[in-house]
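Subject: Handing over a structure

Dear colleague,

I am passing on the structure below, together with notes on what was found in it. Please keep it open beside this message as you read.

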Amino acid sequence: MSNLFRKYKWLGIVFGVLLVIAGVLIIIFSITNKDKVSDILAIIVAVVCFVLGAIYIAIGVMISLNNFFDSSFIYGAFLIAIGVLLLIERSIVSEILVYTTSVALITFGAIYLIRAILYIANKMKILYIIIALLIAALAITFGILALCYKGQLLIVLYIVMGAIISVAGVIEIIYSIRTK
């Protein structure tokens, strides 16, 4: 898959632009439409799933022209099915998002805690250790708070998620442009 993105730079750029647009829309709708943000988020994620699913299916078609079977068809169909599910049952986004974000933050914090321990074991600079411990503490704290205060933190989670998606899109665009 990464070889395909290297071969067709425009795929990576289109993917990055889609991520940036989706992230910015999530932030804007999270701030302006607090009551309908989960519905809007479900629609945005569904559209992204449809577009990515179509891209994966197109990739599968291009690869199958060379008499090879690629699992891109399966990924594409799965993404389109997720998009349909999100359009039919929009409330699933807010229910799943809190739990997945909480678990992801706690896991991320645990990884940085392990990284800090490894920094100590390898006698790295104290600054690296402090930064790793700070990131671990913040991630674990926000993960536990997100589990405890689900409804109150939902808008903040949407805004943070939109920002992360936008940054990932910018990184994808820069990587695609710089890749030879």
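A polar contact here is a pair of N or O atoms within 3.5 Å, where, within protein, one atom must be able to donate a hydrogen and the other to accept it. Please bear in mind throughout that this is a predicted model.

With that definition in hand, I would start at Ser166, which has its place in helix 7, the element that runs over residues 150–178. The side chain of Ser166 reaches the backbone nitrogen of Val24 at 3.3 Å. Once its neighbours within four places in sequence are set aside, Ser166 is in contact with Leu19, Val20, Gly23 and Val24. Is Ser166 buried or exposed? Ser166 counts as buried because its relative accessibility is 11%, and buried means under 20%.

The next topic is the nonpolar core. The largest such core has 22 residues, and those with the most contacts inside it are Leu41, Ile44, Leu52, Ile55, Val93 and Tyr158. Two or more residues of this core come from each of helix 2 (9–32), helix 3 (37–64), helix 4 (72–88), helix 5 (92–121) and helix 7. Which helix gives the most to this core? That is helix 3, with eleven residues. To look at one member in detail, Ile44 touches Ala22, Leu25, Ile26 and Phe29, if residues up to four places away in sequence are not counted.

There is also a pocket to look at, namely the second largest, which has a volume of about 370 Å³. Its lining is made up of 20 residues, and of these Val45, Cys49, Leu86, Met161 and Ile165 lie nearest its centre. The elements that give two or more residues to the lining of this pocket are helix 2, helix 3, helix 4, helix 5 and helix 7, and helix 3 gives the most, with six residues. As for the character of that lining, 19 of its residues are nonpolar and one is polar, while no charged residue takes part.

Finally, I would point you to Lys123, which is found in the loop between helix 5 and helix 6, the latter covering residues 126–148. The phi angle of Lys123 is near 55°, which is a positive value in a residue other than glycine. Lys123 counts as exposed because its relative accessibility is 75%, and exposed means over 50%.

With best wishes

How values were computed: Residues numbered from 1 in each chain as written. Predicted model: local features only at pLDDT ≥ 70, side-chain atom pairs only at ≥ 80, totals over all residues. Heavy atoms only, no water. Helix = DSSP H or I, 4+ residues; strand = E, 2+ residues; numbered from the N terminus. Buried < 20%, exposed > 50% of the residue type's maximum accessible area, 1.4 Å probe, protein only. Contact = heavy atoms within 4.5 Å. Core = buried A, V, L, I, M, F, W, Y, C linked by side-chain atoms within 4.5 Å. 1 Å grid on protein atoms, 1.4 Å probe; cavity = no way out; pocket = protein on both sides within 12 Å on 5 of 7 lines; lining within 4 Å. Points joined across faces, edges and corners; volume = space filled by probe spheres on them. Nonpolar A, V, L, I, M, F, W, Y, C, P; charged D, E, K, R; others polar.
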